[in-house]
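Let's take a walk through this protein–DNA model together. Keep the viewer open and follow along.

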There are 2 protein chains.
Amino acid sequence: MDIHHIRVFASVYKHKSFSKAAEELHLTQPTVSDHVKALEEELKCRLFDRLSRKVIPTREAAVLIGRAQAIIEKVEGFKDVLGEFRKDLSGHLVVGASTIPGTYILPCLTASFRRKYPSVLFEIVVSDSRAIIDKVAGDELLIGIVGARLESRQVDYKPFLDDELIAVAPNSFEMRKNMGIRDIAELPIVMREQGSGTRREFEKILEKEGIDFQHLNIVALFGSTDAVKQAVKEGMGISVISRRAVKDELKCGMLKEIRIKDADMKRQFYIINHRKRTLPHLCKMFADYLLAGC
Amino acid sequence: MDIHHIRVFASVYKHKSFSKAAEELHLTQPTVSDHVKALEEELKCRLFDRLSRKVIPTREAAVLIGRAQAIIEKVEGFKDVLGEFRKDLSGHLVVGASTIPGTYILPCLTASFRRKYPSVLFEIVVSDSRAIIDKVAGDELLIGIVGARLESRQVDYKPFLDDELIAVAPNSFEMRKNMGIRDIAELPIVMREQGSGTRREFEKILEKEGIDFQHLNIVALFGSTDAVKQAVKEGMGISVISRRAVKDELKCGMLKEIRIKDADMKRQFYIINHRKRTLPHLCKMFADYLLAGC
DNA sequence: ATTATTGCATTAGGATACCTTATTCCCGCC
DNA sequence: GGCGGGAATAAGGTATCCTAATGCAATAAT
């Protein structure tokens, strides 16, 4: 019982002719004969009386034609269901983000996306990079934006925006000229916790310069970027932090940047997703929107 | 886009497994893989994420599954529609019949059929054999019961009941012993019209005996059997008529039978239908009921 | 770590169903 | 009786579908 047979049956019924049906379906007349015959054998009942000049459907055919048309319609519509679904850009979109992207990047980007697609409801889950990566690897989150690239074979990283780490000090700090990375390492430092992408990038920079992280003069660890900023403002020490996080403070003079002459402090943000999972349409649209530069 | 593909898709969705689906559908796992792949290519979207140990439907699959199940259900039901239809033995059943069957046979048989299937509405069209045969040949009637076999390549005859023509005379008639067919031919005769099966059978009998119908002493022609009977009772002459038509009159002595020693006056009734048309189910059931001896 | 186990993908082969062309058959119509 | 329209039949090629065997990746077990 194939959809083909049903299609042929319906066409013959419509035209009351095998050859007309063949024409409509771009088949030959013998093929149509064959399919009708196959259906008749399967149903164990004659569907058409083939008179010399005309073809007359039997009562059974008349009973079946409605059902046949319904089936054809449904099958035709099968593809279209997807089209409808794709057009409908609304729904609940959960995005994981590490601290910097979640706090200083996504609020702006989600706002602009929502201006384009107003019926989208965003939920931004903010945590540190390690936690977001784990959640994506573990299928708890479908998409995430993080500031570090940690080993995980489950996760696919796509470079997103550039960022730069800078060293910041309290406004009272007396800046020397031409400070290098090794000078920084001598100062008292306030840092984020272990899983932080910012911290990890800083560790990598130190490593490249041959400086052991253990030997830093770390005076406090905080679970949030804001806490770090507050601590620096209070004069606990300096910190190394995303330029994006302290843009406002630098502008109004609450913090000052320590320019470092010898280290490349650039870093990347990444859009991440599970390597094997297909993103739902809305999710994919958002990712593409971000990657295309919004 | 084949029904097969959809069936496989639905099964994989149900079991979240290609191999379980293969088992359910009595296919092999590669076949299932192939079909899913074909569907995915046709729809240009991934339907399942194949993780190592589990298969997870994508959002698109979730959207399609409802439609898929609806299609499958409809296709499964396609055959059953016929079953339902066949069970329903009710409706309007038009049967053509020549005079004798229509008057003396069908009333009894339709009554017994209706005791079995009470929701059938009979309509018996009575005319002479020629007219009924023409209507069946011309698709005006689907089924008929007649007392003569006339040439028509459109019509299929199935022998039904036996009948016997007998000669009847008014009660006042003075019977001689050992009357033969040639004696009958001498008497004044009352007859049915040209198209009558009874008349035609009588002509055939005469012909076999070498008697020319033109030489009969015909005194009246009537359009109905009852009229003939009345005429005989009134003493207009004798007649040759179906035994079934005069059963009651013979019993209560209103007519008397003239026994004829030398002629075989047996004849057949036939159930007829168009050679090329398929009978609707109710019609076929009734024909089978009659042919099976009720 | 190494080795099973599970589960999907891939490949090659053979059977089957499908479609086509050519031809025949049937019936109604000149 | 010959003609013509329309379906059935026959024969052949091809695409499809299925099986069996193998590959490959991710767990789970030793």
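Start at DNA strand C, where H3(B) gives the most to the nearby surface, with four residues. Here a residue is near a strand if one of its heavy atoms lies within 4 Å of it, and helices (H or I, at least four residues) and strands (E, at least two) are DSSP runs numbered from the N terminus. Before going on, a word on the ground rules: this is a predicted model, in which local features need pLDDT of at least 70 and side-chain atom pairs count only at pLDDT 80 or more, while totals for chains, interfaces and linings use all residues. Residues are numbered from 1 along each chain as its sequence is written, chains are lettered from A and ligands numbered from 1 in the order in which they are written, and side-chain values use heavy atoms, with hydrogens and water left out.

Back to strand C. In total, 22 residues surround DNA strand C, and the closest are A:Thr31, A:His35, B:Ser19, B:Ser33 and B:Arg50. Both chains chip in: helix H1 (3-15) and helix H3 (29-43) of chain A, plus helix H2 (18-25) and helix H3 (29-43) of chain B, each supply at least two residues of this surface. By type, the surface near DNA strand C splits into five nonpolar, 12 polar and five charged residues. For that tally, Ala, Val, Leu, Ile, Met, Phe, Trp, Tyr, Cys and Pro count as nonpolar, Asp, Glu, Lys and Arg as charged, and the others, Gly among them, as polar.

Which part of DNA strand C lies within 4 Å of the protein, sugar and phosphate or bases? Sugar or phosphate holds 72% of those atoms, and bases hold the rest. Two phosphate pairings are worth a look: a polar backbone atom of B:Phe18 sits 2.9 Å from a phosphate oxygen of DNA strand C, and a polar side-chain atom of B:Gln154 sits 3.4 Å from a phosphate oxygen of that strand. For a base, turn to B:Gln29, where a side-chain N or O atom is 3.0 Å from a base nitrogen of DNA strand C.

Now swing over to DNA strand D. This one is surrounded by 21 residues, the closest being A:Ser19, A:Ser33, A:Arg50, B:Thr31 and B:Ser52. Of the atoms of DNA strand D that come within 4 Å of the protein, sugar and phosphate account for 73%. The largest share of the surface near DNA strand D, four residues, comes from H3(A), and the whole surface divides into five nonpolar, 10 polar and six charged residues. Zoom in on the phosphates of DNA strand D: a side-chain N or O atom of A:Ser33 is 2.3 Å from a phosphate oxygen, and a polar backbone atom of A:Phe18 is 3.0 Å from a phosphate oxygen. Chain B takes part as well, with a backbone N or O atom of B:Thr28 lying 3.2 Å from a phosphate oxygen of DNA strand D.

Next, the inside of the protein. The largest nonpolar core has 57 residues, and those with the most contacts inside it are A:Phe9, A:Leu47, B:Phe9, B:Val12, B:Leu47 and B:Phe78. The largest share of this core, 11 residues, comes from H4(A). Such a core is a set of buried Ala, Val, Leu, Ile, Met, Phe, Trp, Tyr and Cys residues joined through side-chain atoms within 4.5 Å; buried means under 20% relative accessible area, exposed over 50%, and partly exposed in between (1.4 Å probe, protein chains only). Take B:Val12: leaving aside residues up to four places away in sequence, B:Val12 touches B:Ser17, B:Phe18, B:Ala21, B:Val32, B:Val36, B:Phe48 and B:Val55, where contact means heavy atoms within 4.5 Å.

What about the cysteines? The structure holds zero disulfides over all chains, a disulfide being a pair of cysteine sulfur atoms within 2.5 Å. A:Cys45 can't bond because the closest cysteine sulfur, in B:Cys283, is 16 Å away. A:Cys45 counts as buried, at 9% relative accessibility.

Finish in chain B with B:Thr198, which lies in helix H8 (residues 197-208). At 4% relative accessibility, B:Thr198 counts as buried. The B:Thr198 side chain makes a polar contact with that of B:Arg267 (3.4 Å); a polar contact is a pair of N or O atoms within 3.5 Å, and within protein one must be able to donate a hydrogen and the other to accept it, with residues adjacent in sequence counting only if both atoms are side-chain atoms.
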